[in-house]
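Q: Please take one part of this structure and examine it closely, in terms suited to someone who has not met it before. The salt bridges and their surroundings would be a good place to begin.

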Amino acid sequence: MAGQHRVPNTDGGEYPTWSPDGERIAFNSNLSGDHVMYIVHIDGSHVVDLSGVGEGWQVDWSPDGRSILFTSERDHPNHYTDIYVMRPDGSGVQRLTDARAYTPAWSPDGSRIVFSAPGLFVMRADGSGITSLRAEGIGETSLPDWV
């Protein structure tokens, strides 16, 4: 495809998500053996190392650019994952779910989050009001997103 190029300083990058202004990309890398999150400008400059936040992956930038969702095992010695939210500078980390939630995605207006757990669920942006969604017959629900 024309115009494609590798963004410097993104080695091992997974789960990239564009900032709403199109200037930055949040992603995780597991090159160190841990899932470490980063933010980088699209030219590869201004790398923000979020390793101080702890491990995390499956990042998704909020539509208003103020928050980033991510998945982590940090509170579960049994390797279950939950969904967390933080500010783009790594501050304000909050757990939104409790046991077996992953692959979060913001609604276009930022008011809700869809995720798998297994099965398909939606919740308010603050983690309240978790509701199961009917997903029979649609196949795998591990990478939900909004249309």
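**The salt bridges and their setting**

A: The side chains of R95 and D98 meet in a salt bridge, with 3.1 Å from N to O. This description concerns a predicted model, and the distances and accessibilities quoted are computed from it. Side chains of opposite charge can pair when their charged atoms come close. The structure holds 3 salt bridges.

D75 is a further partner of R95, and the closest N and O atoms of that salt bridge are 3.2 Å apart. This contact joins distant parts of the chain, since D75 lies in the loop between β6 and β7, whereas R95 belongs to strand β8, 20 residues apart. R95 also forms a salt bridge with D82, where the closest N and O atoms are 3.8 Å apart. Here too distant parts of the chain are linked: D82 is in strand β7 and R95 in strand β8, with the two residues 13 apart.

The members of these pairs vary in their exposure. D82 has 0% relative accessibility and counts as buried. D75 is partly exposed, with a relative accessible area of 39%, and R95 is likewise partly exposed, at 37%. D98 counts as exposed, its relative accessibility being 59%. Through shared partners, the salt bridges join D75, D82, R95 and D98 into one network.

The strands that carry some of these residues form an open sheet. The sheet has 4 strands in the order β5-β6-β7-β8, and the pairing is antiparallel. Its edges are β5 (57–61) and β8 (94–95); each has a single partner strand, so one side of each is left without a neighbour in the sheet. Strands of a sheet pair through backbone hydrogen bonds, either parallel or antiparallel. Within this sheet, β6 (residues 68–72) and β7 (residues 82–86) run antiparallel and are joined by 5 bridges. D82 of the salt-bridge network reappears in this pairing, for S72 stands opposite D82 in β7.

Further along the chain there is a hairpin. It is formed by β9 and β10, with 5 residues between them, and G110 in the turn has a positive phi of about 75°. β9 and β10 (residues 112–116) pair in the antiparallel sense over 3 bridges, and W106 stands opposite I113 in β10. Of the 5 residues of β9 (residues 102–106), 4 are buried, so the strand is largely enclosed by the rest of the structure.

Beyond the hairpin, P118 is placed in the loop between β10 and β11 (120–124). At 51% relative accessibility, P118 counts as exposed, the threshold for that term being over 50%. When residues up to four places away in sequence are left aside, P118 touches R100 and Y102. P118 and Y102 are 16 residues apart along the chain, and their C-alpha atoms are separated by 8.3 Å.

To return to the charged group, R95 in strand β8 has D82 in strand β7 as one of its partners, and the network joins D75, D82, R95 and D98.

Note on methods: Residues numbered from 1 in each chain as written. Predicted model: local features only at pLDDT ≥ 70, side-chain atom pairs only at ≥ 80, totals over all residues. Heavy atoms only, no water. Buried < 20%, exposed > 50% of the residue type's maximum accessible area, 1.4 Å probe, protein only. Pairing = 2+ DSSP bridges. Salt bridge = Lys/Arg side-chain N within 4 Å of Asp/Glu carboxyl O. Contact = heavy atoms within 4.5 Å.
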